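Please open the model in your viewer and keep the sequence panel beside it. The tour below moves from charges, to the whole fold, to single residues.

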Amino acid sequence: MLIIALEGPSYAGKSTAIRHLRHTALGSRAFVSDCYVKHIVHRDDIPPARTDSAAAQLVAFERFMEIEATRVAEVAASGRQFVILDRSVDTLLAHAYALDALFGYGVHHQLRDRLKTLSFLRPDHTLYLDVPTETLHRRRKTADHTAAESEYFLHEPGFLRHARDYFVHTPRRPVTRELTVLAADTGPDDVAQAVEALVTFWTR
């Protein structure tokens, strides 16, 4: 079964692209799994983006891996030709990589070792939507989310830089078998069309 993941910073256009794919011919052939946080019913139960210790970061990882186990079971039961993931375990590793760089937690290598003992979905293709910081801020403002998220850690320059480095520059490869970086600073419709073209190519 072919597994395709979409990655990128918050407001990069992943959800818009996946929503578009659901309404194409690809949508009827694919099993689509939403982002980890959408699997958590109560907002207060979502682990904080900025954990306050290495121990808390490890706990957050385990919480999300519980969701990953559910994803694995759902994919196995789906019988679909291919899978589209809104974020994959590489999101969890990129997050830990960034927090290691910012706060010295030193947990990234522990999480990679932990994955060896856990069941997870390893993407065959990962499409990383690469968007400049100023564009991300503008999209968030346009979505009118700035008031509700006045301190938005996921858009702090240091976090964005290090999380991007995990996918684009880190000497240690992401989990995915193949990574494609797509410049996604154009309009959401254009990005969605570009994603559709790549997914169509990979699944033909």
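For the first stop, Lys and Arg count as positive and Asp and Glu as negative, while His and the chain ends are not counted. Select these charged residues in the predicted model: the mean positions of the 25 positive and 26 negative charges of the protein chain are 4 Å apart.

Next, color the protein chain by secondary structure, where you will find eight helices and five strands, which follow one another along the sequence as β-α-α-β-α-β-α-α-β-α-α-β-α. The radius of gyration is 16 Å, close to the 17 Å that the globule rule gives for 204 residues, so the protein chain is as compact as a globular protein of that length. Rotating the C-alpha trace, you can follow its span of about 45 × 40 × 35 Å along the principal axes.

Now switch on the surface, which for the protein chain comes to about 10,300 Å² of accessible area, with 52% of it belonging to carbon and sulfur atoms. Beneath it, buried residues make up 48% of the 204 residues. Among contacts with a separation of 6 or more, 82% are between residues 24 or more positions apart.

Then select Y11, in the loop between β1 (2-7) and α1 (14-22), where phi is near 75°, a positive value in a residue other than glycine.

Finally, move to R87, in the loop between β3 (82-86) and α4 (89-103). R87 also is not a glycine, yet its phi is positive, at about 75°. Is R87 buried or exposed? With a relative accessible area of 15%, R87 is buried, because buried means under 20%.

Methods: Residues numbered from 1 in each chain as written. Predicted model: local features only at pLDDT ≥ 70, side-chain atom pairs only at ≥ 80, totals over all residues. Heavy atoms only, no water. Helix = DSSP H or I, 4+ residues; strand = E, 2+ residues; numbered from the N terminus. Buried < 20%, exposed > 50% of the residue type's maximum accessible area, 1.4 Å probe, protein only. Rg over C-alpha atoms; globule rule 2.2 N^0.38 Å. Contact = heavy atoms within 4.5 Å. Areas by Shrake-Rupley, 256 points an atom, 1.4 Å probe, with all protein chains shown as cover. Charge placed at Lys NZ, Arg CZ, Asp CG, Glu CD.
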